[in-house]
Amino acid sequence: MAKSLVNTNAKFGTMPVFLTALSTILGAILFLRFGWAVGQVGFFGVIGIILLGHVVTIPTAFAVAEIATNQRVQGGGAYYIISRSFGLNIGGAIGIALYLSQAISVAFYVIAFGEAFEPVIEWIAQNYGFYIPDRRWISIPTMSLLSLLILFKGANVGMKALYVVVAVLLTSLVMFFLGDSPIKPEEINFHAHISNNLNFFFVFTIIFPAFTGLAAGLGLSGDLKDPKKSIPRGTLWATVVGMLVYVAIAYKFAISASPYDLVSDQLIMSKIAVWGPIIPIGLAAASLSSALGSIMVAPRTLQALGFDDIFPQKGLNRWFARGKKKDNEPVNGSLITIIIAFVFVVVGDVDFVAQIISMFFMVTYGAICLISFLEHFAADPAYRPTFRSNWYVSLIGALFSFWLMFQMNAPYAATSLVIMSIIYYIIMLNNEENQGLNKLFKGVIFQLSRQLQIMLQRADSSEKETSWRPFGVCISHDTFKRRSAFDIMRWLSYKYGFGTYIHFIKGYLNEKTTEESKKVLDRLILLSAGSKNRVYLDTIISPSYTSAIAQVVQLSGISGKGNNLILFEFSRTDPGNLKEITANYGLVESAGFDICILNTSYKSFGYKNEIHIWISPEDYRNANLMILLGYIILGHPDWKKGKIKIFALYPEELMDEKRKQLMELIKAGRLPISPSNISMVPFDTQNRKEVITKYSADADLTLIGFTSEMLTKIEELSEGYQDLGNILFVSANRAKAIN
């Protein structure tokens, strides 16, 4: 099996994504059926088709850009994006449908390539008396040559050929626009269409594959140097440019030929262009480039499906996932794709294949938009895209996708959804642990329940939690001396959880202390009003710090369920209350809390640019919690320019072994980080604090794990870090799973 879906020699940038998508958008449909569509429904009708199609594709392009910048995108393109957000079960069901549509697209474009030879066939018939009655005489040999190219040369040669055919395609379009427009301006009728024209949505079904090119660019994700940059730029620009070109071409058709001529001659563009032969050449180039794009993308989708063990047979998964050692080229996936494509090339009906492609792509686009919409409300800490779309844009795309499916062909739509449900059920039987769809909807419900606390009363259940989020409480009597602990609480509770900050007033409960607590609370609310926070503020009166902590750990919290994290704080220059904290550590630990101790310094949080996380051999339970806390803090606007660096601190003799373990965790998705953000740092037991100080002296916040054994000597937390900024010591009650 392939070790990774990423080509280690990846060198493609934004331009291949843009050209692959654009060449597919401006493809065979443009040359063979777009003029026919103008004749069937008129100029304004085609504009309606373009707008309606892009009501789906533009939200999808935005959603793709958003999801692609959420995490490291590997090979598999659209399938990888869907599966890593929806989970492998639903992602696998959609991925299989997506793969089939991509494989069938190869046949569609090869069939269109054969249609480009119509003028040549007529010329041969007129001059030599030899007529080729069936275009499959051209499409089948073409499919054979294309298969040999991909099997033996791979994507790199395909990409080089793509640049050439794109140049020919653009030349043909320029000559088309330079062609004569014989219809006088006063005679132009933008509403004109043939009598007894076809249904609007049937025409839409035939034309829609023209707008689906963005998925072609996604398929190169595993061969891109920087997918997070190339995918958003390439797909968005290709979608917008393609839409504008189609509007211009529709106008050119309307002013250059009658509806009857547009419908009766599928190569009417050659009669409009300034040099007619360039149109069949452009059609051949467009069809060939689209076929190249599809035949490069489809095998990578199948390879990703095998890599994720989607199919029931393990041997079959390994065979699909296998790639060349040199560049991970999916040879086996290419072979299966070629077989499927040959079947549909033999069928040879452009309109029939177009309808199948439209239905499959509409399902895929609807799923992508739905993912983006749901992720906006799920607010999972693992979902942190650098590019943000708007939830209502994604919702519009999802609703129109599923509505258009049934408008295009209701029986096909219902059948495709039933088939996908069956595929999903079969996949779920073999991958019961992958419940991504359930997790996503749970996240949405959870966010809704923030406004409906009555629903959160049910949150305390016996079921094991599938993901962790902070329900934190902080207790401090130094609130008006230091604000750092309050800052930590407001960052943790800004989006992903709940936070309660409690000011401790030492004394017995009486009229005087009650009045004091009210004044303190008013002061707290006034101080916090100017900051971006969603922290619940309160006070507690108790004769001792121990009794106050005992009361706090029993509070249910404003979320409607118990707290799971407690934050203490002490000053580095005056660590007196650290003794109180360590004395009560056992009490809090027995209540099942994760414990954070904030060590504040004169540097405070600096410029909020860097968070350093240190993982050591003792941090088996603490590591994932520290990583989650780092990402949650980074989600606050105060840290909008911030970044995380992770340092793995291990003895030198264990470095190779630990590096391998971390890379395996990253590959499995258990650590949502890039390998480039991890530094392996050797150490010996005598210089650990010196090593941390050396690397993190300029960090704005440093996270370090600790264990109960370290608290036997409070100097472990209070001394040796004089040159660091604020330090958050973290002790997890149990290991956290990062899904």
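## Phe-253 and the largest core

Phe-253 touches Phe-34, Gly-35, Val-38, Phe-176, Leu-262, Ile-268, Met-269 and Ile-272, leaving aside residues up to four places away in sequence. The model is a predicted one. Phe-253 also belongs to the largest nonpolar core, which holds 122 residues. Within this core, the members that touch the most others are Leu-26, Phe-31, Phe-34, Phe-108, Tyr-246 and Phe-253. Phe-34 thus appears both in that group and among the contacts of Phe-253. Helix H5 (residues 88-115) gives the most to this core, contributing 18 residues.

A second core is separate from this one and has 48 residues. Ile-613, Ile-615, Ile-646 and Leu-701 are among them. In soluble globular proteins, nonpolar side chains tend to be buried together.

## The sheet

An open sheet is formed by 10 strands. Their order is S3-S2-S1-S4-S5-S10-S9-S6-S7-S8, and the pairing is mixed. Strand S3 (535-542) and strand S8 (678-683) are the edge strands, and each pairs on one side only. Direction ignored, neighbouring strands are turned by 25 degrees against each other on average.

Helix H22 (residues 511-528) packs on the sheet. H22 touches strand S2 (498-506) and S3, and the direction of H22 makes about 155 degrees with that of S3. Elsewhere in the sheet, strand S9 (residues 701-705) pairs with strand S10 (residues 726-731) in the parallel sense over 5 bridges. Gly-705 has Val-730 in S10 as its bridge partner.

## Strand S6 and its neighbours

How much of S6 is buried? The count is 6 of its 6 residues. Both faces are covered. Glu-610, His-612 and Trp-614 lie on one side, Ile-611, Ile-613 and Ile-615 on the other, and all are buried.

S6 runs parallel to strand S7 (residues 643-651), joined to it by 6 bridges. Ile-613 stands opposite Ile-646 in S7. Both of these isoleucines are in the second core. From S6 the chain crosses through helix H26 (residues 623-634) to S7, in a right-handed β-α-β crossover.

S6 and S9 also run parallel, with 4 bridges between them. Here Ile-611 stands opposite Leu-701 in S9. Leu-701 is another member of the second core.

## Cysteines

How many disulfides does the whole structure have? The search finds 0. Cys-474 is in no disulfide, and the nearest cysteine sulfur, that of Cys-596, is 10.0 Å away. A disulfide needs the two sulfur atoms within 2.5 Å, so a pair 10.0 Å apart does not qualify.

Cys-474 counts as buried because its relative accessibility is 0%. Cys-369 is buried as well, with a relative accessible area of 0%.

## Positive phi in two loops

Most residues other than glycine have a negative phi. Asp-309 has a positive phi, near 55 degrees. This residue is found in the loop between helix H14 (278-307) and helix H15 (314-321). Asp-309 is partly exposed, because its relative accessible area of 35% falls between the 20% and 50% limits.

Lys-608 is not a glycine either, and its phi is positive at about 55 degrees. Lys-608 is found in the loop between strand S5 (594-600) and strand S6 (610-615). Is Lys-608 buried or partly exposed? Its relative accessible area is 21%, and buried means under 20%, so Lys-608 counts as partly exposed.

Technical notes
Residues numbered from 1 in each chain as written. Predicted model: local features only at pLDDT ≥ 70, side-chain atom pairs only at ≥ 80, totals over all residues. Heavy atoms only, no water. Buried < 20%, exposed > 50% of the residue type's maximum accessible area, 1.4 Å probe, protein only. Core = buried A, V, L, I, M, F, W, Y, C linked by side-chain atoms within 4.5 Å. Contact = heavy atoms within 4.5 Å. Pairing = 2+ DSSP bridges. Axes fitted to C-alpha atoms, helices over the stretch in contact; angles between N-to-C directions. Right-handed = clockwise from strand over helix to strand, strands pointing away.
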